[in-house]
Amino acid sequence: MTSYIKFTPISGSKNEDPLCYLLEIDEVKILLDCGWSDSFDIDSLSNLKKISKQIDAVLLSHSDLVHLGAYPYARSHLGMTCPVYSTVPVANMGKMCMYDLYQSKANEVEFKTFTLEDIDNAFEKIVPLRYSQPFSLTGKCQGITITAYAAAHTIGGTIWKIKQDTDEIVYAVDFNHRKESHLDGTVLHSGGVVLDSLTRPSLLITDAYNSQVVHPARKDRYAAMFDTMLTSLKNGGSVLLPTDSSARVLELSYLLDQYWAQNGLNYPLIMLSNTSYHTIHFAKIMLEWMGEELTRSFSQTRENPYEFKYVRLCHKIEDLDKYPGPKVVMASHHSLETGFSRELFLRWMTSDQRNNNTLILTDRSAPGTLARRLYDDWEAKTAEPVITGANRTKVPVKPAITYENIFDLKVYKRVPLEGAELQEYESAQRAKAEKDAAQAALIARSKIIMEEDESDNSDIDEADEDIEGLLTRQFDLYVRDAGKSGGFFKHAQSYRMFPYVEKRKKIDDYGEAIQIEHYMKSSELERMEQEKKRIGQGANFGKEDDMQIDLQEPILPGRDESPTKYISSNETFSIRCQLRYVDLEGLSDGRSMKTILPQIAPRKLIIVHGSKSSTQDLESACQGIEYFTKEIFTPSVGEVLNVSAATNIYRVKLTDSMVSSLQFSKLDDYELARVVGRIHFPEDSTTPSLDVSMADEPAQYEPSVFVGDVRLSEFRKVLQAEGIHAEFKGEGILVCNERVAVRKTGTGQLLVEGVLSADYYKVRSLLYSQHAIL
């Protein structure tokens with residue numbers, strides 16, 4: 001490493017707080033993520049406030065609150081003005097996430113921490129990037145290249161590679177190596193092999209959030225979730241699944257819609273958030289960012305997977321009244337601290353009727369939240385020993401429980417004004433209206449006076465022209481409204497028109513929407529009408545199709561302007577429901593992480609975002625791995641970590657005789673040579689010169705130096721091209737013709753082992769050819 005590199009956790013280190021980290025490369029300051037919690041406590045941003053004006057670039061990795069929640073506030077209130085980079089889905093879905101949370105808070109309190117304009121202005125400043133395309137930063141950051149790679153977990157989720165000269169820094173938090181319904185696994189570990197461009201970085205920054213978690217098989221988890229749902233629905237109860245509004249909800253909604261379709265269920269399936277319509281719209285137009293299987297299916301059938309057949313979209317809690325009886329509702333937010341999920345929790349899980357409603361947690365949420373308290377209680381009551389099988393350790397799926405508890409919770413309400421408060425409000429409004437009317441009258445009077453002073457005789461004559469006479473002339477469609485005078489201050493032309501209302505055309509991201517009915521045969525239209533009548537109470541539950549939305553409408557519903565006030569009170573609730581946690585977080589578990597990290601083989605490792613026990617667990621596991629780096633750091637919040645290498649750099653000038661004596665070897669785009677000479681300081685320059693050694697100086701023997709980093713996966717292709725059968729066996733060992741083995745140690749050293757034979761020497765020779773030998 002040749003740069004001066006420092007790392008400082010702003011938030012989210014040795015704890016599970018939102019993620020925010022400062023990376024300094026020489027004089028450049030890069031902010032890695034900018035998260036916040038749904039409490040939106042300004043005091044928690046004290047560390048960010050100290051450095052926000054000095055930031056030169058921000059990299060956002062995921063579209064949820066814990067990765068970008070503080071970005072709009074920092075942009076509008078903390079003086080952040082630097083460029084911000086993310087993928088297109090992170091920008092789009094991140095905006096939906098912030099819209100939903102803003103509206104959720106505005107429904108509870110007089111929320112003024114930030115506004116919708118702050119959100120719009122912040123996300124308009126984001127520079128969108130695509131995967132695997134290096135992007136060179138400019139200005140103060142010149143010389144630094146950033147590249148986004150797929151992290152999975154959320155659509156557009158990113159692993160960042162930051163490169164300057166020979167330094168490669170990889171920021172990989174919240175990734176998922178397993179394939180899901182709507183996303184492929186991360187490229188960091190695709191097909192059991194780490195991507196070449198991400199191996200052996202100078203520094204790896206990763207998280208320990210799931211270090212102590214081992215997941216049951218996904219198939220078993222989903223089967224348990226569906227079983228719990230159906231049991232509750234058949235017993236007359238409804239099911240609540242708290243989730244986010246724009247990230248993991250895409251996996252959950254697609255999964256449930258497919259299950260409903262496969263089993264022909266008629267229970268209402270509802271997605272409830274303030275931005276549900278636009279979230280699904282963005283999902284429809286961003287299929288290219290989703291899994292290969294999903295996009296291939298769309299290419300073959302031309303059926304968009306997010307044109308839901310069963311999921312109904314709602315953005316007001318009153319919309320649930322359209323679907324009486326047992327139902328399944330996916331509601332935001334997963335913490336149960338705000339939003340529709342909290343309101344439904346207080347409605348359904350505290351019912352005095354002792355019904356069979358079920359709460360299925362899909363995320364553990366942050367410590368201190370209501371969802372985390374419920375999860376901890378469920379975890380304590382379902383603790384079971386691990387079942388050991390013959391070949392592997394199988395993790396059982398923990399059951400649902402009948403949960404009963406008493407909670408003291410704060411309830412927020414927005415109630416209409418009454419009595420003296422209403423009279424005071426109305427009098428204030430009348431005073432404001434009178435003041436505005438007086439101001440408008442003053443402006444109008446001033447305008448009339450100015451128009452009269454500036455008008456000329458021609459304008460007056462034109463104003464006197466008889467309009468009735470104009471109607472007898474050739475103006476059969478419209479006439480100019482000559483009743484208005486011109487003057488120095490020009491007016492927009494005004495015409496009297498016949499009463500014709502033009503239908504507004506529907507426009508999407510690809511232009512004017514096509515009306516399919518205009519291109520269909522009449523027989524096809526009749527068949528479709530008959531099919532609709534035959535289906536009746538099918539997937540749409542007898543309702544008209546409400547999936548068609550007008551995207552020209554505002555994203556959030558208009559606020560009720562009736563006079564209201566916000567009140568809050570502490571109340572005691574008796575909770576009774578069926579409770580279960582099903583892991584739908586979409587993250588690699590601890591066992592997988594401890595397998596992947598040794599294959600990445602970083603030279604230095606920084607562990608962030610995880611409880612103290614999780615951080616210590618991952619640190620201990622890495623230190624116990626043979627050939628793994630011993631430079632492992634676990635900084636605390638605010639601790640400045642110097643991860644630069646102890647390297648001294650000098651500038652020298654080569655003489656002409658030295659340059660002509662060098663023998664260069666080519667390696668990729670570089671030409672390398674070994675330099676042996678003597679240093680002297682010219683009198684006319686402050687830069688030392690390097691000249692060839694004197695002839696009378698004894699020559700010293702120097703061993704050959706092999707320069708280059710050979711990837712075994714690439715070397716395998718070279719061997720196969722030369723007719724040598726090569727395949728990987730064991731832990732990254734490349735076996736050639738069953739006689740020669742090539743493997744790489746944890747320190748990057750290549751070892752060639754095998755029987756001395758023609759194959760051995762040929763493999764060694766080919767391996768030498770992949771290096772520059774000096």
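Which residue forms a salt bridge with Asp-583? In this predicted model, the partner is Arg-221, and the closest N and O atoms are 3.8 Å apart. Asp-583 sits in the loop between strand E26 (564-581) and helix H16 (590-600), whereas Arg-221 belongs to helix H6, so the pair ties together parts that are 362 residues apart in sequence. Both residues are shielded. Asp-583 has a relative accessible area of 6% and is buried, the cut-off being under 20%. Arg-221 is also buried, at 10% relative accessibility.

The overall make-up of the chain was examined next. The chain holds 20 helices and 40 strands. Of its 774 residues, 44% count as buried. Contacts between residues at least 6 apart in sequence were also considered. Of these, 72% join residues at least 24 apart.

Helix H6, which carries Arg-221, also packs against another helix. H6 spans residues 218-234, and its partner H7 spans residues 249-263. Two packed helices are described by the angle between their axes and the distance between the axes. For H6 and H7 the angle is about 65°, and the axes lie 12 Å apart. The crossing is right-handed. H6 contributes Tyr-222, Met-225, Phe-226, Met-229, Leu-230 and Leu-233 to the contact. H7 contributes Glu-251, Leu-252, Leu-255, Leu-256, Tyr-259 and Trp-260. By class, 11 of the residues in this contact are nonpolar, one is charged and none is polar.

Strand E26, which precedes the loop of Asp-583, is part of an open sheet of seven strands. The strand order is E16-E15-E17-E14-E18-E26-E21, and the pairing is mixed. E16 (311-314) and E21 (401-416) are the edge strands. Each has a single partner strand, so one side of each is left without a neighbour in the sheet. Neighbouring strands are turned against each other by 35° on average, direction ignored. Strands of a sheet pair through backbone hydrogen bonds, either parallel or antiparallel. E21 and E26 run antiparallel and are joined by 16 bridges. Within this pair, Thr-402 stands opposite Gln-578 in E26. A helix also lies against the sheet. Helix H8 (residues 276-285) touches strand E15 (269-272) and E16. The direction of H8 makes about 130° with that of E16.

Another open sheet of seven strands has the order E6-E5-E4-E3-E2-E1-E29, again with mixed pairing. Strand E6 (126-129) and strand E29 (641-642) stand at its edges. Each of these has a single partner strand, so one side of each lacks a neighbour in the sheet. Inside the sheet, E3 (residues 28-32) and E4 (residues 57-59) run parallel and are joined by three bridges. Leu-31 has Val-58 in E4 as its bridge partner. Helix H4 (residues 88-106) packs on this sheet and touches strand E5 (84-87) and E6. Its direction makes about 100° with that of E5.

Beyond E4, the chain enters a loop that leads to helix H2 (65-68), and Asp-64 lies in this loop. Is Asp-64 buried or exposed? Its relative accessible area is 14%, so Asp-64 is buried. Leaving aside neighbours within four places in sequence, Asp-64 is in contact with Gly-69, Cys-97 and His-153. Asp-64 and Ser-246 are 182 residues apart in sequence, but their C-alpha atoms are 7.5 Å apart in space.

The chain has 24 salt bridges under the rule applied here. Among them is the pair Glu-343 and Arg-347, with an N to O distance of 3.4 Å. Both residues lie in helix H10 (residues 340-348), four residues apart, or about one turn of the helix. Glu-343 is partly exposed, with a relative accessible area of 35%. Arg-347 is partly exposed too, at 46%. Shared partners also occur. Glu-16, Arg-372 and Asp-376 are joined by salt bridges into one network. Glu-303 and Lys-309 form a further salt bridge, at 3.9 Å from N to O. Lys-309 has a relative accessible area of 47% and is partly exposed.

Notes: Residues are numbered from 1 along each chain as its sequence is written. This is a predicted model: local features need pLDDT of at least 70, side-chain atom pairs count only at pLDDT 80 or more; totals for chains, interfaces and linings use all residues. Side-chain values use heavy atoms; hydrogens and water are left out. Two strands pair if DSSP finds at least two bridges between them. Helices (H or I, at least four residues) and strands (E, at least two) are DSSP runs, numbered from the N terminus. Contact means heavy atoms within 4.5 Å. Axes are lines fitted to C-alpha atoms, for helices over the stretch in contact, and angles run from 0 to 180 degrees between N-to-C directions. A crossing is left-handed if the near helix is turned anticlockwise from the far one by less than a right angle, and right-handed if clockwise. Ala, Val, Leu, Ile, Met, Phe, Trp, Tyr, Cys and Pro count as nonpolar, Asp, Glu, Lys and Arg as charged, and the others, Gly among them, as polar. A salt bridge is a side-chain nitrogen of Lys or Arg within 4 Å of a carboxyl oxygen of Asp or Glu. Buried means under 20% relative accessible area, exposed over 50%, partly exposed in between (1.4 Å probe, protein chains only).
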